[in-house]
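Work through the exercises below with the structure open. Try each task before reading its solution.

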Amino acid sequence: MKRVIVDYKKLTPEVLNLLTQKFPDGYGDKDIIVFDNHKNETIEAVEVKTEDTIYLVKVSSKLHYTMTNFDSNVDMELNDAGHIVVNDLNIEKEE
């Protein structure tokens, strides 16, 4: 099974839908997986699975915003790579 680390900026509608189904009330501390990447940076992520892939989605306030405002019945704005476009106007920039 393939493991993929993905940032909220690279979420596809499919993965975002899986996240909102798995965590309908949001994720908690017990849902977060902590690990060090190949650059020895500590990463916090939540896990969702498809038939052939385990996605580790990096945790951030923007991920929470994206999940909260996701509606699977509404067409989402996608960029050229097929990733969901998030309006950053109401989100503080993370340092």
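**Exercise 1. A residue in a loop**

Task: Place threonine 50 in the fold, then decide whether threonine 50 is buried or exposed.

Solution. The model is predicted. Step one: threonine 50 sits in the loop between S3 and S4. Step two: take its relative accessibility, which is 17%. The cut-off for buried is under 20%, so threonine 50 counts as buried. Step three: list its contacts, skipping residues up to four places away in sequence. Threonine 50 touches Met1, Glu14, Leu18 and Tyr55. Step four: look for a polar partner. The side chain of threonine 50 makes a polar contact of 3.2 Å with the side chain of aspartate 52.

**Exercise 2. A second loop residue**

Task: Do the same for glutamate 41. Where is it found, and which residues does it contact?

Solution. Glutamate 41 belongs to the loop between S2 and S3. Its relative accessible area is 39%, so glutamate 41 is partly exposed. Leave aside neighbours within four places in sequence: glutamate 41 is then in contact with Phe35 and Asp36. Its side chain also has a polar contact of 2.9 Å with the side chain of asparagine 37.

**Exercise 3. The order of elements and strands**

Task: Write down the elements from the N terminus on. Then give the order of the strands in the sheet.

Solution. Count the elements: the protein has two helices and four strands. From the N terminus on, they run β-α-β-β-β-α. Now turn to the sheet. It is open, with the strand order S1-S4-S3-S2 and mixed pairing. Its edge strands are S1 (2-6) and S2 (33-36), each paired on one side only. On average, neighbouring strands are turned by 35 degrees against each other, direction ignored.

**Exercise 4. Pairing in the sheet**

Task: Which strands run parallel to S4 (residues 53-58), and which antiparallel?

Solution. Start with the background. Strands of a sheet pair through backbone hydrogen bonds, either parallel or antiparallel. S1 and S4 run parallel, joined by five bridges. Check the register: arginine 3 stands opposite isoleucine 54 in S4, and valine 4 stands opposite tyrosine 55. S3 pairs with S4 in the antiparallel sense, also over five bridges. Here valine 46 stands opposite valine 57 in S4. A hairpin through three residues joins S3 to S4. Last, check burial: five of the six residues of S4 are buried, so S4 is largely enclosed by the rest of the structure.

**Exercise 5. The helix and the core**

Task: Which residues of H1 (residues 13-22) are buried? What does H1 lie across, and what does H1 give to the largest nonpolar core?

Solution. Val15, Leu16, Leu19 and Thr20 are buried in H1. Seen down the axis of H1, these residues fall within an arc of 135 degrees, so they line one face of the helix. Next, the packing: H1 lies across S3 (42-49) and S4, at about 85 degrees to S3. Then the core. The largest nonpolar core has 13 residues, and Leu11, Leu19, Val46 and Val57 have the most contacts inside it. H1, S3 and S4 each supply at least two residues of this core. H1 gives the most, with three residues.

**Exercise 6. The whole chain**

Task: What share of the residues is buried, and what share of contacts joins residues at least 24 apart?

Solution. The protein has 95 residues, and 35% of them count as buried. For contacts, take pairs at least 6 apart in sequence: 61% of these join residues at least 24 apart.

Technical notes. Residues numbered from 1 in each chain as written. Predicted model: local features only at pLDDT ≥ 70, side-chain atom pairs only at ≥ 80, totals over all residues. Heavy atoms only, no water. Buried < 20%, exposed > 50% of the residue type's maximum accessible area, 1.4 Å probe, protein only. Arc of directions from axis to C-beta. Pairing = 2+ DSSP bridges. Axes fitted to C-alpha atoms, helices over the stretch in contact; angles between N-to-C directions. Contact = heavy atoms within 4.5 Å. Core = buried A, V, L, I, M, F, W, Y, C linked by side-chain atoms within 4.5 Å. Polar contact = N/O pair within 3.5 Å; in protein donor to acceptor, adjacent residues only side chain to side chain.
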